Amino acid sequence: MDQNQQRVVFVGSFAEPGKGRLGGQSYACRALLASPIAQEFQWVLIDSTQKGEDAAGLLVRSWIATLRIVRLLYLLLFGRVSAVLLFVPFLGYSLLEKGLMAVLAKSLGKRVVISLRSEITPRVLQPFSHTVQNFIGYALQHCDAFICQSQRAANDLKQMYPDVAGTICIAPNWIDAARFRPAALSLETFAARPAVVLFVGLLEPAKGIGELISAVAQLHREGLAIKLVVCGAGALREALDRRIHDEQLSSVVELRGWSDREAILRALHQATVFCLPSHSEGLPNAVLEAMAAGRPIVATAVGGVPELIDDGSNGLLVAVDDQPQLAAALRRIIQSPELALEMARQNVRRAAESHDIAASWPRIAALIRGNG
């Protein structure tokens with residue numbers, strides 16, 4: 001390692017699979033560190049992965065956050081650090097913690113770059129007092145640069161904090177697109193029956209998994225040969241198991257639980273269509289990976305998803321919590337293999353051209369250095 005390189009603290013999610021609650025932020029952080037940017041700086045990592053499937057109690061979470069803040073302060077004072085990169089979901093107490101980290105770093109003369117990793121909405125701040133809301137606003141408005149995943153996220157950030165407009169860089173979420181690319185795409189892939197609908201994500205109400213099961217069950221009752229494969233773990237697992245049993249859907253819905261990256265890759269290449277009916281998203285890695293794997297997409301038009309999916313071109317967009325519309329979109333793709341194949345081909349191309357890590361890491365490196 002070149003001792004003349006800048007030393008950068010990177011606060012993000014770095015847990016190995018199975019050792020924490022992994023989501024899009026986890027894969028984005030690890031993909032970034034696996035890119036050539038790893039050789040550009042001396043990195044000091046502070047892991048903010050949520051441990052376990054369920055949110056820990058507030059007291060425990062506060063204690064763990066305090067330990068992270070103390071470690072950051074020590075590094076800022078004694079660690080010869082020149083910059084701090086913060087991956088921040090725009091969510092409750094995480095935003096408050098990272099805001100405090102940003103204030104500490106700026107007060108000690110360090111460059112602060114924040115990557116906002118979820119949908120940006122004022123309702124996140126509503127539970128906080130005006131004092132806390134003002135502090136978060138102060139923290140965000142005094143950072144050096146922001147990385148937003150989509151134009152919509154950038155617009156929402158500007159609307160909430162107009163003073164940050166000149167510090168925003170749009171860097172759509174990234175993946176190693178080549179890793180997911182299918183060996184081949186053919187009409188037979190999408191004409192096979194039963195059609196396989198794939199969901200990858202946390203088993204939480206906000207991911208829309210309940211509506212998806214209802215939509216697939218409806219199509220099954222209509223006589224369509226269909227199967228739903230669910231890769232993910234979370235708080236709803238037991239309730240979903242009971243529902244599948246009670247509604248006699250065991251031959252239609254398969255809950256695979258937490259799946260490693262190779263298992264997800266195999267599931268993508270075996271799927272007819274990928275579906276993510278979330279109620280809220282930033283720019284989901286799961287959709288990017290499905291695009292790179294050459295699958296047509298059905299997703300809700302939330303967050304940055306409409307910037308990934310042109311409705312009717314490389315996938316279909318539906319309204320949040322609209323089970324009949326969701327079923328209709330799945331039916332349309334499943335019953336039109338030619339349409340599915342064309343969407344699949346477009347998605348492989350788009351993922352490689354616009355969302356490969358090779359195009360993203362140089363922009364982030366430039367922001368850290370201050371010449372982006």
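Helices (H or I, at least four residues) and strands (E, at least two) are DSSP runs, numbered from the N terminus. The model on your screen is predicted, and local features need pLDDT of at least 70, side-chain atom pairs count only at pLDDT 80 or more, while totals for chains, interfaces and linings use all residues. Residues are numbered from 1 along each chain as its sequence is written, and side-chain values use heavy atoms, with hydrogens and water left out.

**First stop: the pocket beside H1**

Select helix H1 (24–33), helix H6 (177–180) and helix H11 (285–292), each of which supplies at least two residues to the lining of the second largest pocket. A pocket, on a 1 Å grid over the protein atoms alone, is an open set of points with protein on both sides within 12 Å along at least five of seven lines; a cavity is a set of points where a 1.4 Å probe fits but cannot get out, and lining residues have an atom within 4 Å of a point. The second largest pocket holds about 270 Å³ of space, and the closest to its centre among its 13 lining residues are Tyr27, Ala31, Asp176, Arg179 and Phe180. H1 provides the largest share of this lining, three residues.

**Second stop: H11 against H14**

Keep H11 selected and add helix H14 (residues 337–354), which packs with H11 at an angle of about 115°, their axes 7 Å apart. Such axes are lines fitted to C-alpha atoms, for helices over the stretch in contact, and angles run from 0 to 180 degrees between N-to-C directions. Leu288, Met291 and Ala292 of H11 meet Asn347, Val348, Arg350 and Ala351 of H14, where contact means heavy atoms within 4.5 Å.

**Third stop: the sheet**

Now select the six strands of an open sheet, which has the order E2-E1-E3-E4-E5-E6 and parallel pairing; two strands pair if DSSP finds at least two bridges between them. Strand E2 (42–47) and strand E6 (168–170) stand at the edges with a single partner strand each, so one side of each has no neighbour in the sheet. From one strand to the next the twist averages 20°. Strand E1 (residues 7–12) pairs with E2 in the parallel sense over six bridges, and within this pair Phe10 stands opposite Leu45 of E2.

Add helix H3 (residues 92–107), which packs on the sheet and touches E1, strand E3 (83–88) and strand E4 (111–116), its direction making about 170° with that of E3. Helix H5 (residues 151–160) lies across E4, strand E5 (145–148) and E6, running at about 165° to E6.

**Fourth stop: the largest cavity**

With H5 still selected, look for the largest cavity, which holds about 70 Å³ of space. The closest to its centre among its 13 lining residues are Ser118, Glu119, Ser150, Ala153 and Gly282, and H5 gives the most to the lining, with three residues. Grid points are joined across faces, edges and corners, and a volume is the space filled by probe spheres set on the points.

**Last stop: two single residues**

Select Ser107, which is in helix H3 and counts as exposed at 57% relative accessibility. Its C-alpha atom is separated by 9.8 Å from that of His142, 35 residues apart along the chain.

Then select Lys207, in the loop between strand E7 (195–200) and helix H8 (209–221). Lys207 is buried, with a relative accessible area of 19%; buried means under 20% relative accessible area, exposed over 50%, and partly exposed in between (1.4 Å probe, protein chains only). Not counting residues up to four places away in sequence, Lys207 touches Phe199, Leu202, Pro277, Ser278 and Glu281.
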